[in-house]
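Trainee: I've got a new structure to look at, and I keep tripping over the vocabulary. Can we go through it together?

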Amino acid sequence: MTRMIRIFDTTLRDGEQSPGASMNLEEKLTIAKQLARLGVDIIEAGFAYSSPGDFEAVRQVAQEVEGPTICSLARARPEDIDRAWDALKGAPKVRIHTFLSASDIHLKHQFRMSREEALRRAVEMVQRARGHVEDVEFSPMDASRSDPAYLYEVIEAVIAAGAGTVNIPDTVGYTSPQEFGRLIRGIREKVKNSDRAVISVHCHNDLGLAVANSLAAILEGAGQVECTINGIGERAGNASLEEIAMGLRTRKDFYGADTNIRTEEIIKTSRLVSKITGMAVQPNKAIVGANAIAHTSGIHQDGLLKEKSTYEIMRPESVGLTQSKLIMGKLSGRHAFRQKLEELGYKLSDEEVNHAFTRFKRLADQKKEVYEEDLEAIVSDEVSKIPERYVLKSLYVESGTSKIPTATVELEIDGKPVKQTGTGDGPVDAAYRTIAAMTQTKSCLLGYSVEAITGGTDSQGEVSVRLQEEGKTASGHGSDTDIIVASARAYLNGLNKLAFWASKHFDPGQKAGLIYQ
Ligand code: MN
């Protein structure tokens with residue numbers, strides 16, 4: 001019989017702890033809705049107590065996203081638990097996830113608590129959370145470095161106090177598959193009431209073993225895995241959702257377990273998260289990397305042509321990877337355009353459709369063939385709804401082997417037209433320096449990358465940037481057939497995010513002082 005493993009996605013909480021991956025409310029909602037389409041069972045939407053931005057994200061995701069259970073993280077403190085409940089109450093399916101360390105290293109040096117105090121606090125806080133909701137999860141942080149005998153005691157006590165899920169974190173990514181499997185088996189065998197709770201795991205990838213450790217735990221009876229899209233997260237990241245889901249699906253014969261994940265949504269979700277967080281996926285990343293399901297060796301290709309199963313263990317379509325499809329040309333009308341967007345899963349307002357359609361027409365003039373990926377690039381610019389304080393009106397750049405790169409930029413700043421010319425040591429630098437002078441911003445460019453959206457020299461370029469100003473980081477994206485224009489769009493998108501956050505007094509960095517599992 002196939003056991004169903006619950007997928008607890010923490011892209012919006014642990015994933016957001018990746019340096020520079022802070023997301024705003026709209027971005028979190030967009031990702032949460034896609035996670036629901038992907039079929040995750042639980043979404044950890046944030047850490048309500050940590051900042052007003054996180055509180056609001058948890059609240060809105062809980063209210064608006066249908067399907068999964070929505071969860072807020074909370075330290076084992078009354079004010080954290082109550083704040084989590086404030087954000088969740090009124091929503092249909094909610095969970096409070098509270099945590100406290102179980103390792104002597106943490107208790108002694110960080111929490112300055114005895115084992116007895118920590119155990120009592122864990123029980124009290126689980127009870128407090130149960131006073132608000134039915135569905136409570138407890139994590140003994142740093143479980144993999146804890147004394148197993150004490151860990152068993154904590155687990156038994158929190159289950160007796162009403163925790164329906166007990167999550168075993170390998171907080172620092174220290175364990176190995178065999179050892180972690182034994183730990184999970186030990187819990188199942190030694191903790192008397194362990195059959196009354198779902199045992200979950202939360203693995204970090206410091207030694208590259210997060211997925212392997214999670215799968216080893218599943219073999220020993222774990223019923224929930226905490227993971228993130230593309231494996232993003234604190235330091236080396238978390239177990240990657242797509243690898244767990246495809247690992248179980250592809251080797252159901254071996255694991256005897258599966259998930260509710262609609263794997264055909266994997267690539268789309270991966271691209272969305274990568275775009276929003278500004279964290280690129282390496283080409284050789286398992287499942288979602290650009291080369292992951294492509295074969296280049298002649299011997300492999302020969303075999304594949306004769307019979308797919310010779311070298312293919314996963315079908316590209318099973319993760320939603322389809323051949324670049326030519327879909328529209330310059331004669332396509334607005335109605336067909338909207339219909340195509342709906343097929344691709346985008347529901348836009350009339351105004352957004354109009355904006356996107358104008359850009360599509362311009363693109364169709366520049367580029368004979370427009371592919372699905374091109375439309376996705378246009379649309380995702382439209383749906384990343386940051387109010388635009390700075391709008392690009394026109395850009396003219398001169399550069400070459402014997403020219404000083406010069407950019408003339410026309411912007412609309414708070415609705416007023418502004419025009420300026422400046423120079424730099426390359427065309428992108430000239431455009432960026434000129435824009436920085438016009439907007440009077442002093443952000444530092446932490447990262448810049450350009451990728452071709454489809455093949456061919458007439459492909460659109462998609463530029464991603466990461467900007468930092470006064471300790472706040474934002475990612476920006478822009479696409480165009482002209483990479484200098486795409487660069488300017490990406491830069492302005494990042495500046496608009498920084499301006500938006502500054503205007504909201506929302507500080508994504510303010511959470512830094514808090515302690516996470
Ligand atoms: Mn973590």
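Trainee: What is the order of the strands in the open sheet of 3 strands?

Mentor: Keep in mind that this is a predicted model. The order is S13-S14-S15, and the pairing is antiparallel. From one strand to the next, the twist averages 15°.

Trainee: What makes S13 and S15 the edge strands?

Mentor: Strand S13 (390-398) and strand S15 (416-423) each pair on one side only, and that's what earns them the name.

Trainee: How do you know that S14 and S15 are paired?

Mentor: Two strands count as paired if there are at least two bridges between them. Strand S14 (residues 406-413) is joined to S15 by 8 bridges, so the pair passes. Within it, Val409 sits opposite Gln420 in S15.

Trainee: Which helix lies across S13, S14 and S15?

Mentor: That's helix H16 (residues 427-439), running at about 35° to S14.

Trainee: Now the empty space. How many cavities of 30 Å³ or more turn up in the whole structure?

Mentor: The search finds 3. The second largest has about 60 Å³ of space.

Trainee: What makes Arg359 and Gln460 lining residues of that second largest cavity?

Mentor: A lining residue has an atom within 4 Å of a cavity point, and both are in the lining, so each has such an atom. Helix H14 (350-366) and strand S18 (472-480) each supply at least two lining residues, with H14 giving the most, 4 residues.

Trainee: Why is Asp480 in that lining called charged?

Mentor: Because Asp counts as charged, along with Glu, Lys and Arg. The whole lining divides into 2 nonpolar, 4 polar and 3 charged residues.

Notes:
Residues are numbered from 1 along each chain as its sequence is written. This is a predicted model: local features need pLDDT of at least 70, side-chain atom pairs count only at pLDDT 80 or more; totals for chains, interfaces and linings use all residues. Side-chain values use heavy atoms; hydrogens and water are left out. Axes are lines fitted to C-alpha atoms, for helices over the stretch in contact, and angles run from 0 to 180 degrees between N-to-C directions. Contact means heavy atoms within 4.5 Å. On a 1 Å grid over the protein atoms alone, a cavity is a set of points where a 1.4 Å probe fits but cannot get out, and a pocket is an open set with protein on both sides within 12 Å along at least five of seven lines; lining residues have an atom within 4 Å of a point. Grid points are joined across faces, edges and corners, and a volume is the space filled by probe spheres set on the points.
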